[in-house]
Amino acid sequence: MTTVAAVHTALPPHRYPQDRLTEPIGDLCLAPGADRAVLRRLHASAGVRTRHLALPIERYAALRDFRESNEAWLTAGLDLAERALTTALAQAGLAPADVDLLVCASITGVAAPSLDARLAGRIGLRPDVKRLPVFGLGCVAGAAGLARVHDYLRGHPGGTAVLLTVELCSLTLQKGDDSRANLVAGALFGDGAAALVARATGTGTEAGAEPAAGPAVVATRSHLHPGTEHLLGWDVGAGGFRVVIDPGVPALVRRELGDQVRGFLAAHGLDTGDIGAWVCHPGGPKVLDAVTDALALPDDALTPSRRSLAAVGNLSSASVLHILQGHTEAHRPAPGTWGLVLAMGPGFCTELVLLRW
């Protein structure tokens with residue numbers, strides 16, 4: 001059985017109210033004198049109150065090209081990754097040398113050696129630690145990474161695996177790009193890193209052992225939607241990562257998500273009414289509304305996702321871990337509660353992870 005021993009989110013120190021970012025982002029993306037009505041409307045309706053940025057907002061204008069943005073991603077990302085991972089391990093009562101597998105996901109920068117390789121010696125991971133750097137999953141990587149960690153631990157009794165996600169979305173904002181997708185990204189996304197520590201344990205609880213901070217992973221399912229590759233992702237060019245966000249995403253969610261989730265739950269003798277903890281990636285208000293409609297959920301079912309979106313913005317792959325952290329701390333479900341991690345990403349794809357506290 002895979003149990004979540006700890007989850008921790010590390011956020012950059014540069015925290016801004018949403019309305020403090022609107023005009024500086026307009027300066028970056030729009031031509032001088034351009035109408036800012038759409039920009040301001042997007043920022044006001046994004047469901048975001050505050051965000052953390054990798055750099056002070058005034059430094060973004062000085063980034064000249066993709067190389068400088070990527071170097072900033074590597075520098076700030078390593079610091080956040082170290083904070084997230086070492087804190088999560090300490091909360092789990094473990095040391096870096098206890099880690100057998102490190103899955104490291106990011107879609108907001110690239111490096112070889114990868115982030116995990118650069119982090120290993122810095123924090124004291126074993127030289128024989130297994131590493132799996134992941135690029136391309138985007139927002140779904142928090143759920144997919146947890147699922148792949150579970151796959152590994154099923155074959156390694158007593159093992160310890162860590163999922164680390166590092167997403168500095170602000171460094172992908174395209175200067176001089178007034179496309180709606182770029183403006184939406186500039187209104188929604190924040191920066192942060194998160195680490196989840198998971199352990200392979202027996203089905204029983206040893207006498208005197210502390211209860212796990214989080215739930216057990218019961219089952220997982222992945223799904224690719226054919227012919228939808230154009231809906232979400234990057235258009236990679238000389239300027240770096242230009243975001244692709246098709247307005248048809250909410251419609252696809254309304255049309256197809258319900259059958260996927262209900263079929264997955266039914267395979268385990270459950271339905272949506274049995275789920276007491278929804279850990280849903282906060283793609284944005286329209287996506288959360290679409291998930292609520294597709295699954296016929298109560299209005300408050302996705303409150304943790306909306307709370308996370310308001311507090312830190314959309315953290316891409318780190319968001320579901322940020323939400324799950326809340327379920328291991330202030331809002332911990334009662335023992336026996338069923339939970340579902342649900343995320344969507346480029347492909348277009350969905351990932352489901354069934355949990356139980």
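**View A. Ala296, an exposed residue just after helix 8.** Ala296 counts as exposed because its relative accessibility is 60%, where exposed means over 50% relative accessible area, buried under 20% and partly exposed in between (1.4 Å probe, protein chains only). The model is predicted, so local features need a pLDDT of at least 70 and side-chain atom pairs count only at pLDDT 80 or more, whereas totals for chains, interfaces and linings use all residues. Residues are numbered from 1 along each chain as its sequence is written, and side-chain values use heavy atoms, with hydrogens and water left out. Ala296 sits in the loop between helix 8 and helix 9, helices (H or I, at least four residues) and strands (E, at least two) being DSSP runs numbered from the N terminus. Its phi is near 50 degrees, a positive value in a residue other than glycine. Most residues other than glycine have a negative phi, and most peptide bonds are trans.

**View B. The buried residues of helix 8 and their surroundings.** On helix 8 the buried residues are Val287, Leu288, Ala290, Val291, Thr292, Ala294 and Leu295. They pack against helix 7 (249–266), strand 11, helix 9 and strand 12 (338–345), contact meaning heavy atoms within 4.5 Å.

**View C. Helix 9 and the elements that cover it.** Within helix 9, which spans residues 303–312, the buried positions are Pro304, Ser305, Ser308, Leu309, Ala310 and Val312. Their cover includes strand 3 (50–53), helix 6 (180–188), strand 11 (275–280), helix 8 (285–295) and helix 10 (319–328). Gly313 follows helix 9 and has a positive phi, near 80 degrees.

**View D. The loop residue Ser316 and the packing of helix 9 on helix 10.** Ser316, in the loop between helix 9 and helix 10, has a positive phi of about 55 degrees although it is not a glycine, and it counts as buried because its relative accessibility is 3%. The axes of helix 9 and helix 10 come within 10 Å and cross at roughly 115 degrees; axes are lines fitted to C-alpha atoms, for helices over the stretch in contact, and angles run from 0 to 180 degrees between N-to-C directions. This crossing of helix 9 and helix 10 is right-handed, as a crossing is when the near helix is turned clockwise from the far one by less than a right angle, and left-handed when it is turned anticlockwise. Pro304, Ser305, Ser308 and Val312 of helix 9 meet Ser319, His322, Ile323 and His327 of helix 10. By class, the contact of helix 9 with helix 10 has three nonpolar, five polar and no charged residues (Ala, Val, Leu, Ile, Met, Phe, Trp, Tyr, Cys and Pro count as nonpolar, Asp, Glu, Lys and Arg as charged, and the others, Gly among them, as polar). Helix 10 is mostly covered, with nine of its 10 residues buried, among them Val320, Leu321 and Leu324.

**View E. Thr50 of strand 3 beside the end of helix 9.** Thr50 lies in strand 3 and is buried, with a relative accessible area of 12%. A polar atom of the Thr50 side chain lies 2.5 Å from the backbone oxygen of Ala311; a polar contact is a pair of N or O atoms within 3.5 Å, of which, within protein, one must be able to donate a hydrogen and the other to accept it, and residues adjacent in sequence count only if both atoms are side-chain atoms. Leaving aside residues up to four places away in sequence, Thr50 touches Arg15, Tyr16, Pro17 and Gln18, and also Ala310, Ala311, Val312 and Gly313.

**View F. The pairing of helix 1 with helix 2.** Helix 1 (residues 18–29) packs against helix 2 (residues 37–45) at an angle of about 150 degrees, their axes 10 Å apart. That angle makes helix 1 roughly antiparallel to helix 2, given that angles under 35 degrees count as roughly parallel, over 145 as roughly antiparallel, 65 to 115 as roughly perpendicular and the rest as oblique. The contact joins Gln18, Leu21, Thr22, Glu23, Ile25 and Gly26 of helix 1 to Leu39, Arg40 and His43 of helix 2. The residues of the contact of helix 1 with helix 2 divide into three nonpolar, four polar and two charged. The crossing of helix 1 and helix 2 is right-handed. Gly26 is buried at a relative accessible area of 0%, and, not counting residues up to four places away in sequence, Gly26 touches Arg36 and Leu39.

**View G. Two cis peptide bonds in loops.** The bond from Ala112 to Pro113 is cis, with omega near 5 degrees, and Pro113 lies in the loop between strand 4 (101–105) and helix 4 (115–123). Gly347 and Phe348 are likewise joined by a cis peptide bond, with omega about -20 degrees; Phe348 is found in the loop between strand 12 and strand 13 (349–356).
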